[in-house]
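Got your viewer open and a selection box ready? Here is a walk through one chain, stop by stop.

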Amino acid sequence: MEPPADGKKSNIKRKILKVIVTSMFIFMAVGVIVIWSLHDASGKDYSDLKFVIDGEFLTIVGKRLDEGTTIGHLGGEIFAGRPTEKCPNRDKHKKGRCISWDDGNMVDMTPFNIDDVICYNVSWVNPINVFPEDCFEMDIGHWYNMLPGPWPISAQRKMALSRFGHNERNGMDVIDYYFLSSKGAAIYLPGGGPYQLSWNESSHQKMCISPALNGVEARKNLNYFACQGYDVKATHLAVSKKFHLPALRNLSEQVKYTDNFLWSAEVGGSQDSYGDQLITFKNFLGSTNFACNVLELDSHWQQELGDLKFNKAISPSISSAISMLSTDCDFMLNLSPLCSLNSPSFSFGIKNNLFLIDTLSLGAKVLTHSNTQVVVWDIDNDDFSSWFSDAISNISTTHGIRNFKFLPIPQMFMVRHSNGSDLLDREVYGKWIDLLNILSEHLVTKGMFRSQDKHAFVEVSVDFVVNENNASCVTESLSEALTLGLYGYPYILSSAKGNINLDNDTIDSFVRWLQLSVFFPALKVPSNIQFCGDDIILHAQNLSQFRQDFVVPILEQLRTQVSETSPFIRPVWWLDPLDEDTHSLGDEFLLGDRVLVAPVLCSGVRKRNIYLPKGSWLDPMHGVEYPGGEWLTDFPVSQFQIPYFVLQENNESL
């Protein structure tokens, strides 16, 4: 008996529905498996990284709480043929994706976790006839790195960089290939490169990475890490713990640097009277009750770079002055990795093969530095280390000088060691610092490259720069300090470049620099403060006492807590990383977790807006308590005031 027509239709509908449901289940299961395999079982569904090749999205991991997405465009437009996911010799059990092309080029993307942060190791494996260029879109959130200019970096800034090192054009003394986003993304390039980096260079709001030429054979491999966490702090702590070298937690023997001001004394007038100038300045310190502590001598103490002895013009007077003042003052000299071609040491170095060599000419690598032709000592050469140590020991024995400052290594390309071996960038600074620490009681360095584990203060020097409103500003001093902390260098010394001009506008910004710097782990003040007027000198005395009474005890409490992940000077988002109002703040900072400082950074300014993150904040200047999560608009700040606020003990965010 035939079933009713409507019964047949019902059976057919049920079968169709069963097929649809089964298909949907299989599709969802496959999708879950694919995403889970890339997610690497982090247990959290907040990562959002996309990689694009030839216009196609290859991987999407999780979904953020907002619409922000970090997108990487891999390889550029340089590949022939369609990509395939068949990569020869790759372990089939290895997680992630591997993409290859008909022409043999291949990129491997391997996921892994650091705590709750998911990362990809992106690696171009032996690219053929191409330099791959990977670009990341920077228009999501704010980004933090040691690029010149305001902090954080705007997506509209244009910049192109190469390799590590000091670049006289843009003033970068410390560099690291570490970019951090307020949305919890991070890009980290391991090793020493060389890399070519560009930031919005073609007005496309992207940061692009590619290998850079270094030697006869171009190194075309490109390897880096792209990470995403729940928020900026979580990502930073995880990435720093994974990749930064462990910073020294306690430089307890360097309290001489943190407790009192350091001083610098550039020659003012005739060099042959420099000794008398030092004695006059020491008398000023005594009459104003400042401790002499450590006094840095004139930066041009040598006739030529590489002489390693006082020039004849200042030698007699300075020897006498040092002898007279040594009971109250320690002295510091700057040391350079460079040797002038005009120095007698140059002939000695050439004869004994003590300089870095040019990869092509195989002769000493000649650079131009401050309008002078120079070569670079090879710190990896044992004969140089021995000769250099003897020269510095002679200075220490003759003059009693045991504090030194190491000047930056210039940017270099196509360079090898004196024995012809490859130059490993990340080891150069470390070996210099290790040698100088043997020769020094205390060491300051102006440059660093992945040497977080070395024993030294990193100096941040400020220029008094005139802004678009014709005001003299010290903005970059704070920008560099914040970034150095993220790079893993907690011990920062703030200084002013050379002697300050004594016009009213610069003196006002000098006062603002003093107010900012008094919260730093150490600061160095130029000697011509003695000519700034009684009111400025009195304010400096008050700041010195404030540092002793308020700042130094906090630094002492924080000594055992600071590390490559947690600096003294912290961005305001440290307390509440999800508070978007804190992400763009480049003119406020935290000292530890309980003191917020909102300095005035430009001359002539007598009020400013201040943002307080969540919590209850006490203004000790006025005895007023403010709720957090709000802006204080047009907050009045006289010339001799610096706004700072203390988080109260009952705050839940502590």
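What follows is a tour that starts with the whole chain and then goes from one selection to the next.

**Stop 1: the whole chain**

Keep in mind as you look around that this is a predicted model. Colour by secondary structure, and you should find 11 helices and 37 strands. Switch to burial, and 57% of the 654 residues come out as buried. For a surface view, the accessible area of the chain is about 27,400 Å², with 52% of that belonging to carbon and sulfur atoms. If you like contact maps, take the contacts with a separation of 6 or more: 67% of them link residues 24 or more positions apart.

**Stop 2: the barrel**

Select β15, β16, β17, β22, β24, β25, β28 and β29, in that order. These 8 strands make a closed barrel with parallel pairing. Going round, the twist from one strand to the next averages 30 degrees.

Start with β15, residues 262–264, and β16, residues 293–296: they pair in the parallel sense over 2 bridges. Pick Ser264 and look across to β16, where its bridge partner is Glu296.

Now move round to β24, residues 442–445. Which way do its side chains point? His442 and Val444 go one way, Leu443 and Thr445 go the other, and all of them are buried. That fits the usual picture, since side chains in a regular strand alternate between the two faces of the sheet.

With β24 still selected, add its barrel neighbours:

- β22, residues 403–406, runs parallel to β24 and is joined to it by 4 bridges. Phe404 is the residue opposite Leu443.
- β25, residues 457–462, is also parallel to β24, with 2 bridges between them. Here Val444 has Phe457 as its bridge partner.

**Stop 3: two helix pairs**

Hide the barrel and show α4 (residues 274–287) with α5 (residues 315–325). Their axes are 7 Å apart and the packing angle is about 25 degrees, so α4 counts as roughly parallel to α5. To see the contact, show side chains for Tyr274, Gly275, Leu278, Ile279 and Lys282 on α4, and for Ser317, Ile318, Ala321, Met324 and Leu325 on α5. Sorted by type, the residues of this contact are 7 nonpolar, 2 polar and 1 charged.

Next, jump along the chain to α10 (residues 504–517) and α11 (residues 534–558). The two axes come within 10 Å and cross at roughly 10 degrees, which makes α10 roughly parallel to α11. On the α10 side, pick Ile507, Phe510, Val511, Leu514, Gln515 and Ser517; on the α11 side, pick Ile536, His539, Ala540, Leu543 and Arg547. The residues of this contact divide into 7 nonpolar, 3 polar and 1 charged.

**Stop 4: an open sheet**

Select β30, β31, β32, β37, β34 and β35. That is the order of an open sheet of 6 strands, paired antiparallel. Which strands stand at the edges? They are β30 (569–570) and β35 (624–627); each has a single partner strand, so one side of each has no neighbour in the sheet.

Zoom in on β31, residues 589–591, and β32, residues 595–597. The two run antiparallel and are joined by 3 bridges, and Leu591 stands opposite Val595.

**Stop 5: β5 and the loop after it**

Go back to Ile114, in strand β5. Is Ile114 buried or exposed? With a relative accessibility of 7%, Ile114 counts as buried. Leaving out residues up to four places away in sequence, Ile114 touches Cys119, Ala238, Val239, Lys242 and Phe243. Try a distance label from Ile114 to Gly229 too: the two are 115 residues apart along the chain, yet their C-alpha atoms are separated by 9.3 Å.

Step one residue on, to Asp115, in the loop between β5 (106–114) and β6 (117–124). Asp115 counts as exposed because its relative accessibility is 53%. Check the backbone as well: Asp115 is not a glycine, but its phi is positive, at about 55 degrees. Most residues other than glycine have a negative phi.

**Last stop: another positive phi**

Finish at Asn371, in the loop between β20 (367–369) and β21 (372–376). Its phi is near 65 degrees, again a positive value in a residue other than glycine. Asn371 has a relative accessibility of 80%, so Asn371 counts as exposed.

Technical notes
Residues are numbered from 1 along each chain as its sequence is written. This is a predicted model: local features need pLDDT of at least 70, side-chain atom pairs count only at pLDDT 80 or more; totals for chains, interfaces and linings use all residues. Side-chain values use heavy atoms; hydrogens and water are left out. Buried means under 20% relative accessible area, exposed over 50%, partly exposed in between (1.4 Å probe, protein chains only). Axes are lines fitted to C-alpha atoms, for helices over the stretch in contact, and angles run from 0 to 180 degrees between N-to-C directions. Angles under 35 degrees count as roughly parallel, over 145 as roughly antiparallel, 65 to 115 as roughly perpendicular and the rest as oblique. Contact means heavy atoms within 4.5 Å. Ala, Val, Leu, Ile, Met, Phe, Trp, Tyr, Cys and Pro count as nonpolar, Asp, Glu, Lys and Arg as charged, and the others, Gly among them, as polar. Accessible areas come from the Shrake-Rupley method with a 1.4 Å probe; for residues, only the protein chains shown count as cover. Two strands pair if DSSP finds at least two bridges between them.
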